Amino acid sequence: MKIRTKLFLTMSVMIVLLLLFLLGVTHAQFYISRDFAYLEDKAAFESLKKEFEQFYRDHGNSWEHVGDARFEYSAPFAGIVLSADGNFLYQQGKLSADELRNDGYKLVLASGDKRIGRLYVMNDSQFKTYEFKKMWYGILPNIGIASLLFTFVAALLTIFLLSWRLTSPIRKIIAGIEAIKKGDAAAIFPEQRKDEFGAIAKALREMNDSLAAAERTRKQLMSDVAHELKTPLMIIQGELELAHETGAPLSPAKQASLLDEVLRLSRLVHDVLDLSRLEAGMMELHPRTENLVVLLEDVTAKTRFMAEDKHIQLSVHAKEENIPVSVEKSRILQALYNILSNAIYYTNPGGQIRLHAETVHLPDRQQPYACIRVEDNGVGIPEADLPHIFNRFYRADHSRARPSGGTGLGLAIAQQNIVAHQGWIEVESEVGRGSVFKVYLPM
């Protein structure tokens, strides 16, 4: 059912209910006015009631000949009807017995404990109200029809304008969605509105922007992977084609070079797969309690030969002998190895790298955390590059050639491994003075 149809039906029901409400109010108002007229002239009503009861007693507890009687207190009343034993025994005034029984004020007549009849009466004030009621009920159908026609026309115009106002943003939203389906990244939504439609439009625009950003990331990832694969593949292809054309066997040096390129390709594929699994939450962890100090000494031992090649002083400092953390050892060692090897690469020969481990209590966290600081006095990271260093294939050193370094995935994998353990990484750096990587892990 369309919105216009729903609005029309809703408006029609509201009109009918409004007319019924007005009719009910008018009817209730008549009876309220009738009862107020009784209260204003209550003495006359009571006097008439007593006079009829006295007549009954004076005639031997009988209404015989009451129809021919004259009552002294009947003058102020426009209509009087006496009902007893299911019959109308006395009537006076302009109104019929049925009219008085339906709209007159009822007085119960009694003699002792016995109810002897009922009086239906209407004084002049009540009679005027009754005449107005009859007149009003007489013209109400015509007024109702005229009002209904007028309201119907007004409702149609209102519904048309309101439905247009309501459906206009919906049509724009649908058009924007259709544009997204066709691949238009610049779909237009009515975001300027301050109502629910504006909120929906804003959410759709943000969703579209997220999808566009994800698509750009996917394309960039494909481009980066292709670029990383291209160089070693071209080297391998060139060497093999040369050997095939000349028929000369590959020298041990050439074989070693080709093996290095194959290993580089293998490392790149494994890194991409690892990062994809980590980001998708598909990497299942099997944590055990480990001593963080021992883990730092382990990763330092594995990278010490890299530091010694550049005459870099590498040291571990811990305030406690045992800092227990619940981690999967291989994953944390991989993260620490990537961070530490990155620090070694960007530290000049003769520099120093210090690893610190301690327990810290953070003000916004309830449980204590283990903090690892990797401090170097290397070249530092430019401020513009800091927000991006954990992105895939991002390199702060844009000048160095791809073949000279790693895959550009080390820090991204390190961050995902730390996040998978409910931790996080912070970086502080100053160009020319070095960098500090802080890793936080829950105790």
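Two strands pair if DSSP finds at least two bridges between them. With that in mind, let us look at strand E6 (residues 313–318) and strand E8, which pair in the parallel sense over 6 bridges. One of these bridges can be found by name: Ser 315 has Arg 354 of E8 as its bridge partner.

## The whole protein

Before going further, please keep in mind that this is a predicted model. Its mean pLDDT is 81, and 84% of the residues reach 70 or more. Over residues 399–404, however, the pLDDT is below 50, and this stretch has 14 contacts in the model beyond near neighbours in sequence.

The protein has 9 helices and 11 strands. Of its 443 residues, 37% are buried. The exposed area is about 26,500 Å², and carbon and sulfur atoms supply 58% of it. Take the contacts between residues at least 6 apart in sequence: 65% of them join residues at least 24 apart.

## The sheet of five strands

Back to E6 and E8. They belong to an open sheet of 5 strands, in the order E6-E8-E9-E11-E10, with mixed pairing. Which strands stand at the edges of this sheet? They are E6 and E10; each has a single partner strand, so one side of each is left without a neighbour in the sheet. On average, neighbouring strands here are turned by 15 degrees against each other, direction ignored.

It helps to know what holds such strands side by side. Strands of a sheet pair through backbone hydrogen bonds, either parallel or antiparallel. The table follows the strand pairs across this sheet, with one example of facing residues for each.

| Strand pair | Sense | Number of bridges | Example of partners |
|---|---|---|---|
| E6 and E8 | parallel | 6 bridges | Ser 315 and Arg 354 |
| E8 and E9 | antiparallel | 8 bridges | His 356 and Arg 373 |
| E9 and E11 | antiparallel | 8 bridges | Ile 372 and Val 439 |
| E10 and E11 | antiparallel | 7 bridges | Trp 424 and Tyr 440 |

The pair E10 and E11 offers another partner to look for: Ser 429 is bridged to Ser 435 in E11. These two strands form a hairpin with 3 residues between them, and in this hairpin Gly 432 takes a positive phi near 90 degrees.

Is E11 enclosed or open to the outside? Buried residues account for 8 of its 9, so E11 is largely enclosed by the rest of the structure.

A helix also lies against this sheet. H8 packs on it and touches E6, E8, E9, E10 and E11, with a direction that makes about 25 degrees with that of E9.

## The largest core

In soluble globular proteins, nonpolar side chains tend to be buried together. In this model, the largest nonpolar core has 35 residues, and Ile 353, Val 374 and Phe 437 have the most contacts inside it. Several elements give two or more residues to this core, among them helix H7 (292–309), strand E7 (324–327), helix H8 (329–345) and helix H9 (410–420). Strands E8 (352–360), E9 (369–376) and E11 (434–442) are also on that list. Which element gives the most? The answer is H8, with 8 residues.

Phe 437 is a good residue to click on. Leaving aside residues up to four places away in sequence, Phe 437 touches a group that includes Ile 339, Ile 372, Val 374, Ile 381, Phe 390, Leu 411 and Val 427. Asn 342, Arg 373 and Glu 426 are among the residues it touches as well.

A second, separate core has 22 residues, including Trp 63, Ala 84, Tyr 105 and Val 121.

## The sheet of four strands

Earlier in the sequence there is another open sheet, with 4 strands in the order E2-E1-E4-E3 and antiparallel pairing. Its edge strands are E2 (87–93) and E3 (105–111), each pairing on one side only. From one strand to the next, the twist averages 20 degrees.

Strand E1 (residues 77–84) pairs with E2 in the antiparallel sense over 6 bridges. Within this pair, Ser 83 has Phe 88 of E2 as its bridge partner.

This sheet has a helix packed on it too. Helix H2 (residues 42–58) touches E1, E2, E3 and strand E4 (114–123), and its direction makes about 35 degrees with that of E3.

Conventions
Residues are numbered from 1 along each chain as its sequence is written. This is a predicted model: local features need pLDDT of at least 70, side-chain atom pairs count only at pLDDT 80 or more; totals for chains, interfaces and linings use all residues. Side-chain values use heavy atoms; hydrogens and water are left out. pLDDT is the predictor's confidence in each residue, from 0 to 100. Contact means heavy atoms within 4.5 Å. Axes are lines fitted to C-alpha atoms, for helices over the stretch in contact, and angles run from 0 to 180 degrees between N-to-C directions. A nonpolar core is a set of buried Ala, Val, Leu, Ile, Met, Phe, Trp, Tyr and Cys residues joined through side-chain atoms within 4.5 Å. Buried means under 20% relative accessible area, exposed over 50%, partly exposed in between (1.4 Å probe, protein chains only). Accessible areas come from the Shrake-Rupley method with a 1.4 Å probe; for residues, only the protein chains shown count as cover.
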